[in-house]
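The following exercises concern the contact between two domains of one chain. Please examine the sequence and the model before reading the solutions.

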Amino acid sequence: MKVFKSRFLLLTFLLPLCMNAQEYRPTVENIEARKWFQDSRFGLFIHWGVYSVLGDGEWVMNNQNISIEEYEKLPNFFNPISFDPKKWVSMANDAGMKYITITSRHHDGFSMFDSKVTDYDIVDATPYGKDIIKMLADECRKQGIKLFFYYSLLDWNRDDYFPRGRSGKGILGRGEGDWKDYIDFMKSQLKELLTNYGKIGGIWFDGHWDQKEWDGNKYGELKVDWHYDEIYGMIHRMQPQALIGNNHHIGVIDGEDFQMFEKDLPGNNSTGWGTPADQIGSVPLEVCETINGSWGFNLQDRKHKSDKELIHYLIKAAGYGSNMLLNVGPMPNGEIQPKHESSLKAIGDWLKQNGETIYGTRKGPIPPNDDYVSTQRGKTVYVHILNPEIDLIHTDKVPFRIKEISDMKNKTKLDYRNDRFGLSIDVSNLLKDDLDTVIKIELR
Ligand code: GLC
């Protein structure tokens with residue numbers, strides 16, 4: 001009894017220490033990759049799968065309650081003969097993007113890469129028969145673009161995704177398997193993604209929220225164990241530089257290297273189900289957004305954002321200290337929608353002129369609002385005027401000394417006051433661009 005007691009005491013004393021010892025410490029490679037990621041600021045999101053054949057987004061299986069048997073016919077029709085990885089990667093490069101995040105497997109459970117642990121993949125189940133992820137990875141390496149893999153935790157096809165989550169309830173033909181098998185399956189697939197495609201940028205998880213109830217206002221308790229400790233540990237062991245992010249809409253979980261905000265500027269929670277402001281972590285941030293209203297190809301989506309809206313979103317993201325991951329949903333033939341291509345070109349043209357205000361910057365000292373947004377690199381602060389109607393830029397406090405303030409394009413010096421009432425910059429006489437006018441504040 002005595003022995004038991006002292007062992008118990010020892011355990012209660014040691015346990016918290018052990019737990020602390022397990023806390024995730026990023027490696028040097030990982031920290032360097034995080035810095036590269038933050039400096040990059042702009043990436044391309046690609047949602048592509050057999051769902052593109054139906055032209056109704058990547059949730060079509062759930063939204064139209066397509067049965068497993070019916071949906072499994074789709075791979076037979078997926079033959080993207082016009083897919084040209086060189087074109088895709090060049091398009092990203094010309095848009096000023098530094099990395100690509102592509103769906104390796106989405107919620108429909110179909111793998112867009114050659115997987116040995118399932119036949120439900122692009123090589124085994126489509127007439128195309130080629131591993132598009134491999135083709136893209138090779139091209140990315142050639143063109144100096146990093147490749148990340150989106151990987152869905154949620155699966156509407158497999159029996160072992162059981163207990164099921166709150167989506168896909170109307171899909172007929174789903175079986176009841178063993179959760180442990182599902183976790184093993186995901187681990188095997190992730191191993192493949194980390195082994196067969198060279199050094200990757202990272203893994204972008206999605207679907208965590210499927211295992212929580214949603215009452216229209218807030219999430220309930222998580223119903224399963226995703227085994228993140230093992231999965232994240234494995235990724236970091238296999239590729240220490242690979243950055244892990246998870247679109248779970250909550251604060252950073254131990255082992256994650258960046259935090260993402262879906263259709264939302266960090267902390268704004270404009271969607272209602274986004275990550276709240278008090279859960280923003282100290283890791284690099286990334287905002288993802290669509291060019292129209294859909295992630296996967298949607299034939300009838302007419303909600304294309306204007307070039308101005310997209311460029312403003314990129315500037316705002318940077319002003320929040322965040323990257324922007326902008327999405328395209330390629331068509332089933334492998335081509336990118338022409339409207340998406342032209343939007344990307346417009347952003348690229350703008351970045352060619354204004355890249356120094358975005359790349360390698362961090363969030364600036366003047367808090368962002370709809371009229372102006374600031375970024376900073378070293379001793380230079382850039383203030384983007386997004387609303388050409390304004391006459392004054394004001395902020396309560398600027399905790400450094402100012403050398404000079406001028407307009408970036410014409411280098412005209414601007415009048416300002418910096419005293420106990422804060423910093424005020426007079427922009428009333430400045431000729432402003434309808435899209436964006438940049439003011440440069442040089443610090444001492
Ligand atoms: C959501 C959707 C998913 C999409 C993702 C991108 O989580 O479920 O379809 O891939 O957002 O951010």
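**Exercise 1: Charged pairs across the interface**

Lys308 and Asp434 form a salt bridge (a side-chain nitrogen of Lys or Arg within 4 Å of a carboxyl oxygen of Asp or Glu), with their closest N and O atoms 3.5 Å apart. The model is predicted: local features need pLDDT of at least 70, side-chain atom pairs count only at pLDDT 80 or more, and totals for chains, interfaces and linings use all residues. Residues are numbered from 1 along each chain as its sequence is written, and side-chain values use heavy atoms, with hydrogens and water left out.

Task: State how many salt bridges the rule finds across the interface of domain 1 and domain 2.

Solution. Step one: locate the domains, 10–361 for domain 1 and 372–443 for domain 2, with bounds from an automatic or database domain assignment. Step two: apply the rule across their interface, which gives two salt bridges.

**Exercise 2: Extent of the interface**

Task: Determine how much area domain 1 and domain 2 bury between them, and which three residues of domain 1 supply the most.

Solution. Step one: take buried area as the accessible area (1.4 Å probe) that two parts lose on being put together, summed over both. Step two: for domain 1 and domain 2 this is about 1200 Å², with 63% on carbon and sulfur atoms. Step three: on the side of domain 1, Ile315, Glu356 and Thr357 supply 38% of the area buried against domain 2, more than any other three residues.
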